[in-house]
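Colleague: Hey, can you walk me through this model? I'm new to this, so keep it simple.

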Amino acid sequence: MLRVAVMVSGGGTNLQAIIDAVAEGKITNTELVAVISNNPGAYALTRAKNAGIKDIVVSPKEYSSRADFHKALTDTVDSLKVDLIVLAGYLVVIPPELIDKYENRIINIHPSLIPSFCGTGYYGLKVHEAALNRGVKVVGATVHFVDKGTDTGPIILQKAVNVEPDDTPEILQRRVMEQAEWKLLPEAIDLIANGKVSVVDGKAVIQHN
């Protein structure tokens with residue numbers, strides 16, 4: 001059984017997609033052990049409570065230094081004895097020591113087809129604004145392992161989404177969530193839970209048998 005902690009800063013729509021997929025049997029062999037947020041007001045924490053999942057707040061504002069916050073966050077994750085950390089809209093930089101300790105055991109969802117519109121400063125609506133400004137015809141989402149770069153870890157899954165002529169950043173964001181993010185993240189977790197993802201020479205390899 002894969003023990004999973006989900007880290008989220010805001011509303012938690014991707015978290016809800018994961019919760020629903022576990023309940024519906026689309027994610028198998030998986031236990032959601034905790035939801036961790038840096039934001040005590042995050043609606044994601046309410047989603048966790050409603051699903052009977054432990055909700056935890058570790059806020060950088062509660063610590064006198066970034067180092068103290070990093071230690072607290074790492075200690076919290078360690079105490080949960082998780083096999084996989086899922087970043088589902090977590091807007092705080094992950095401590096390097098946590099990335100080292102959980103190498104190839106942290107995944108993130110990003111609302112673009114990496115390497116397009118990714119890296120420092122590309123998050124939330126900013127991604128979709130940039131895509132529309134550039135005039136691209138296809139966008140999408142990517143699930144990748146987390147390394148010490150920004151959106152640079154091995155890519156697990158990607159899904160393309162068409163841009164429509166009348167799209168606003170908000171409309172495009174919603175379509176990418178519905179058509180790509182909410183499908184990819186549960187699929188990636190299920191693949192990992194069933195031992196079908198490995199990292200070879202810096203690339204994620206999926207077994208399809």
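Modeller: Sure, we'll start with the whole protein and then look at some single parts.

Colleague: Is this predicted or from an experiment?

Modeller: This is a predicted model.

Colleague: OK, how many helices and strands are in the protein?

Modeller: The protein has 6 helices and 9 strands. Its radius of gyration is 16 Å and the globule rule gives 17 Å for 209 residues, so the protein is as compact as a globular protein of that length.

Colleague: And what does the C-alpha trace span along its principal axes?

Modeller: About 50 × 45 × 35 Å.

Colleague: What share of the residues counts as buried?

Modeller: 49% of the 209 residues. As for the outside, the accessible surface comes to about 10,200 Å², and 50% of that surface belongs to carbon and sulfur atoms.

Colleague: What about the charges, how far apart are the mean positions of the positive and negative ones?

Modeller: They are 1 Å apart, with 21 positive and 24 negative charges in the protein.

Colleague: Let's zoom in on helix H1. Which residues are buried there?

Modeller: H1 covers residues 13–23, and its buried residues are Asn14, Leu15, Ala17, Ile18, Ile19 and Ala21.

Colleague: Any general rule I should keep in mind for a helix?

Modeller: An α-helix has 3.6 residues a turn, so residues three or four places apart point the same way.

Colleague: Nice. What do the buried residues of H1 pack against?

Modeller: Their partners are strands S1 (2–7), S2 (30–37), S4 (84–87) and S5 (106–110), along with helices H2 (43–50) and H6 (169–193). Just after H1 comes Gly25, which has a positive phi of about 80°.

Colleague: Which residues have a positive phi although they are not glycines?

Modeller: Lys81 is one of them, with a phi of about 50°, and Asp151 is another, at about 65°.

Colleague: Where are those two found?

Modeller: Lys81 sits in the loop between helix H3 (66–80) and S4. Asp151 is in the loop between strand S6 (138–145) and strand S7 (155–162).

Colleague: Is Lys81 buried or exposed?

Modeller: Lys81 has 62% relative accessibility, and the cut-off for exposed is over 50%, so Lys81 counts as exposed.

Colleague: And Asp151, buried or exposed?

Modeller: Asp151 is at 12%, and buried means under 20%, so Asp151 counts as buried.

Colleague: Switching topic, how do strands S8 and S9 run?

Modeller: They run antiparallel, and 4 bridges join S8 (residues 197–200) to S9 (residues 203–206). One example is Val199, whose bridge partner in S9 is Ala204.

Colleague: How many residues lie between the strands of that hairpin?

Modeller: There are 2, and in this hairpin Asp201 takes a positive phi near 50°.

Colleague: Now prolines. Where does Pro95 lie?

Modeller: Pro95 is in the loop between S4 and helix H4 (96–101). Its relative accessible area is 0%, so Pro95 is buried.

Colleague: Which residues does Pro95 touch?

Modeller: Leaving aside residues up to four places away in sequence, Pro95 touches His70, Leu73 and Thr74. Its C-alpha atom is 26 Å from that of Ala17, and these two residues are 78 apart along the chain.

Colleague: Last one: is the peptide bond from Ile114 to Pro115 cis or trans?

Modeller: That bond is cis, with omega near 20°. Pro115 itself is in the loop between S5 and helix H5 (125–134).

How values were computed
Residues numbered from 1 in each chain as written. Predicted model: local features only at pLDDT ≥ 70, side-chain atom pairs only at ≥ 80, totals over all residues. Heavy atoms only, no water. Buried < 20%, exposed > 50% of the residue type's maximum accessible area, 1.4 Å probe, protein only. Contact = heavy atoms within 4.5 Å. Rg over C-alpha atoms; globule rule 2.2 N^0.38 Å. Areas by Shrake-Rupley, 256 points an atom, 1.4 Å probe, with all protein chains shown as cover. Lys, Arg positive; Asp, Glu negative; His and termini not counted. Charge placed at Lys NZ, Arg CZ, Asp CG, Glu CD. Pairing = 2+ DSSP bridges.
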